[in-house]
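Biologist: Before we discuss this protein, I should like to see the structure. I shall then ask for the reasoning behind each term you use.

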Amino acid sequence: MEPGSRAHLGAQRFAVPAIPGNAIVTQKESHTCSLVLGGLNRPAYETSGRAGPCLNPDLRGFEVFMPAIKRLYEVCKRSFSDNGPLSAEALEHVRSVLDDIKPSDVGLEDEAQKARGWNVSMHGSNGRKGRNGNNQYLPPIKYLHIYECESFSIGIFCMPPSSVIPLHNHPGMTVLSKLLYGTMLVKSYDWVDTVEPIDPSKARPARLVRDGQMSAPCGTTILYPASGGNIHSFEAITYCALFDVLSPPYSSKDGRDCCYFKKSSKEDISGVVPSAIRSSEVAWLEECQPPESFVVRRGPYKGQIVDTK
Ligand SMILES: [Fe+2]
């Protein structure tokens, strides 16, 4: 990792601007998708969390008795390939299981309680404690890695209040995100199919898909390679945890690098964007380096374990 190099939001790597004292993660954990299971009613897995029957009507197999994270792993393994979701139905199965994941399944119940007790009016909205005026900054964003293989990755971003994950993309990827606790602002775009080809290395028009607040509990959102808001940013209002499933994962060798974007000063879309799209919906986005203040550290995952032995 070089100072000032591009940051990646994949499960396996972070190369973010070097700031003294930062413990940046560059480690790639290699897993295979192999798994040895026992009989239908005796799954041979280990877990550190609860194992109870799942009431989800979308699940019809042995996985109904599994702990939530193990269940998610099994469904992901069946639903994703190296090229992404196998079908729309398979993707819906993953969404359905992800919808049921709770902070307690991933060892974040205490953090969720902290988020529920967070009050912006008491602490200020700038990440400092407002009342005592000692300018005490909150901790950095943490990434809790759970699992990764060639087909998918699973992990959690834990964000303190006022922290920002800047506008970035997921090229060629499908992303399922479940906000486990907290409240955040979400902004997302998709590239517009322009009337004439545009040099992708310069500013490109993108259509606003979402610009609003999201609070837990809420359902899983899905971003597709070219729709659903594939280019997005998050700003935490309270303590937040965002559970991400990516398929396929970021991979430089396969052309799936994470890029960051900022709004260009360009505004005119006449003759560039189909006339059915209003200029108020469009922003010109250009690639940029992430801000130096953007720091992600690897954090310990304390939830249920995915055992692939
Ligand atoms: Fe993302």
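Modeller: This is a predicted model. Let us begin with strand E3 (residues 141–148), which is mostly covered, with 7 of its 8 residues buried.

Biologist: What makes E3 and strand E4 (residues 153–159) a pair, and in which sense do they run?

Modeller: Two strands pair if at least two bridges are found between them. E3 and E4 have 6 bridges, in the antiparallel sense, and they therefore satisfy that criterion. His-145, for instance, stands opposite Gly-155 in E4. A hairpin of 4 residues connects E3 to E4.

Biologist: How do you know that E3 also pairs with strand E14 (residues 296–298), and is the sense parallel or antiparallel?

Modeller: There are 3 bridges between E3 and E14, and the sense is parallel. Since at least two bridges are required, the two strands count as paired. Ile-141 has Val-296 as its bridge partner in E14.

Biologist: Which strands belong to the open sheet, and in what order?

Modeller: The sheet has 6 strands in the order E9-E6-E11-E4-E3-E14, with mixed pairing. Its edge strands are E9 (221–223) and E14.

Biologist: Why are E9 and E14 called edge strands?

Modeller: Each of them pairs on one side only. In the case of E9, 3 bridges join this strand to E6, and the two run antiparallel. Ser-177 has Thr-221 as its bridge partner in E9.

Biologist: Where does helix H2 lie relative to the strands?

Modeller: H2 lies across E6, E9 and E11, and runs at about 10° to E6. Helix H3 (residues 109–117) also packs on the sheet and touches E4, E6 and E11, but its direction makes about 70° with that of E6.

Biologist: What would those two angles be called?

Modeller: An angle under 35 degrees counts as roughly parallel, so H2, at about 10°, is roughly parallel to E6. The range from 65 to 115 counts as roughly perpendicular, so H3, at about 70°, is roughly perpendicular to E6.

Biologist: How do you know that the span of H2 (residues 88–99) is close to the expected one?

Modeller: H2 has 12 residues and reaches 16 Å from its first C-alpha to its last, which is close to the 16 Å expected at 1.5 Å a residue.

Biologist: Which residues of H2 are buried, and why are they said to line one face?

Modeller: His-93, Val-94, Val-97 and Leu-98 of H2 are buried. Seen down the helix axis, the buried residues of H2 fall within an arc of 135°, so they line one face. On the other side of H2, Ala-88 and Glu-89 are exposed. The elements covering the buried residues of H2 include helix H1 (68–79), strand E6 (174–181) and strand E11 (240–247).

Biologist: Why are H1 and H2 called roughly antiparallel?

Modeller: Their axes come within 9 Å and cross at roughly 170°. Angles over 145 degrees count as roughly antiparallel, and H1 and H2 are therefore roughly antiparallel to each other. Where they meet, the residues of H1 include Arg-71, Leu-72 and Val-75, while those of H2 include Ala-90, Leu-91 and His-93.

Biologist: What makes the buried residues of H3 a single face?

Modeller: Glu-111, Ala-112 and Ala-115 are buried in H3. Viewed down the axis of H3, its buried residues fall within an arc of 100°, so they line one face of the helix. Asp-110 and Gly-117 are exposed on the other side of H3. The buried residues of H3 pack against E4, E6 and E11.

Biologist: Why does Trp-118 count as partly exposed?

Modeller: Trp-118 has 19 C-beta neighbours inside 10 Å. A residue needs 20 or more to be buried and 12 or fewer to be exposed, so Trp-118 counts as partly exposed. This residue lies in the loop between H3 and helix H4 (120–123). The C-alpha atoms of Trp-118 and Pro-161 are 8.9 Å apart, with their positions 43 residues apart along the chain.

Biologist: How many helices and strands does the protein have?

Modeller: It has 4 helices and 14 strands. Of the 309 residues in the protein, 38% are buried.

Technical notes
Residues are numbered from 1 along each chain as its sequence is written. This is a predicted model: local features need pLDDT of at least 70, side-chain atom pairs count only at pLDDT 80 or more; totals for chains, interfaces and linings use all residues. The expected span of a helix is 1.5 Å times one less than its number of residues. The arc is that of the directions from the helix axis to the C-beta atoms. Two residues are in contact if their C-beta atoms, placed from the backbone, lie within 7 Å. Axes are lines fitted to C-alpha atoms, for helices over the stretch in contact, and angles run from 0 to 180 degrees between N-to-C directions.
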